Amino acid sequence: MTYISPSILAADFSKLGDEVKAVSDAGADYIHIDVMDGHFVPNISFGTCAMKPLRRYTDKPFDVHLMIAPVDPYIKEFADAGANVITVHPESGPHLHRTLQMIKDLGCKAGVALNPATPVDELDHVMDMIDLVLVMTVNPGFGGQKFIDLSEKIKTVAKMIKKSGRDILLEVDGGVTPETAKICRKAGANMLVAGTAIFKTEDYKQAIDALRG
Ligand code: DX5
Ligand code: ZN
């Protein structure tokens, strides 16, 4: 099973609620929410005031990807606004373990995002507390970028997850299209984020189905 998490960064912001409902009806498993601060990444997206009202438009879990630094002061705000999974980058705070603990204590699932140049070693001492690993196949900050083939990295993370014996999702984010989705699935990913490949098409259901393969 490959879970699909459409990134609303590529949606029509003038009707975000309808867009979230449309991808939910089209079979999305999660809703991917990219939060950018113009500091940790060179782009600003939105925060909880845009995210919270979307809760009324879907029952799907909110897969919140925080690209903000410092991240700790905002974790609770996102949990309170309806986040189900909260994913952070190790570089976005001084104490990754503390940040993940905070996410768990708030009752959310905790994820770690690895930028293309971030080594998988970052996961070594937190495998026992995470629910998701997000392998970035673009440098974070923008939708619509070209996929970087990190198959070997995805395979390594898949092995680490298997070794842990825990139920950890392996999500890939960035430049995912029906073609690159195949590469990701083959390498062991079981959750795919896609913005452009879903929201810039006419038929969301067809787009989602194409990513599942
Ligand atoms: C990039 C974001 C991605 C992005 C995906 O910083 O984390 O989620 O929106 O967009 P596409 O699918 O267009 O590459
Ligand atoms: Zn993302």
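Helices and strands here are DSSP runs, numbered from the N terminus; a helix has at least four residues and a strand at least two. The model is predicted. Its largest pocket is the space taken by ligand 1. The protein buries 99% of the 380 Å² that ligand 1 exposes when taken alone. The points below cover the ligand, the pocket and one cis peptide bond.

**The shell around ligand 1**

- Ligand 1 is surrounded by 20 residues.
- The closest of them are Asp-34, Gly-141, Asp-173, Gly-195 and Thr-196.
- By class, the shell holds 10 polar, eight nonpolar and two charged residues.
- Three strands each supply at least two shell residues: β2 (31-36), β3 (62-67) and β8 (191-194).
- β2 gives the most to this shell, with three residues.

**Polar contacts of ligand 1**

- Asp-34 is one of the closest residues to ligand 1, and an N or O atom of the Asp-34 side chain is 2.7 Å from an oxygen atom of the ligand.
- Asp-173 is also among the closest residues, and a polar atom of the Asp-173 side chain lies 2.7 Å from an oxygen atom of ligand 1.
- Gly-175 uses its backbone: a polar atom there is 2.8 Å from an oxygen atom of ligand 1.
- With ligand 1 taken alone, 380 Å² is exposed, and the protein buries 99% of that area.

**The largest pocket**

- The pocket that ligand 1 takes up has about 340 Å³ of space.
- Its lining counts 27 residues.
- Closest to the pocket centre are Phe-142, Gly-143, Gly-144, Gly-195 and Thr-196.
- Gly-195 and Thr-196 are also listed among the closest residues to ligand 1.
- The lining divides into 13 nonpolar, 11 polar and three charged residues.
- β2, β3 and β8 each supply at least two lining residues, and so does the helix α7 (196-199).
- The strands β2, β3 and β8 also each give at least two residues to the shell around ligand 1.

**A cis peptide bond**

- Ala-69 and Pro-70 are joined by a cis peptide bond, with omega at about 0°.
- Pro-70 has its place in the loop between β3 and α3 (75-80).
- β3, at one end of that loop, is one of the strands that supply the pocket lining.

Methods:
Residues numbered from 1 in each chain as written. Chains lettered and ligands numbered in written order. Predicted model: local features only at pLDDT ≥ 70, side-chain atom pairs only at ≥ 80, totals over all residues. Heavy atoms only, no water. Near = heavy atom within 4 Å. Polar contact = N/O pair within 3.5 Å; in protein donor to acceptor, adjacent residues only side chain to side chain. Areas by Shrake-Rupley, 256 points an atom, 1.4 Å probe, with all protein chains shown as cover. 1 Å grid on protein atoms, 1.4 Å probe; cavity = no way out; pocket = protein on both sides within 12 Å on 5 of 7 lines; lining within 4 Å. Sits in = over half its atoms within 2 Å of the grid points. Nonpolar A, V, L, I, M, F, W, Y, C, P; charged D, E, K, R; others polar. Points joined across faces, edges and corners; volume = space filled by probe spheres on them.
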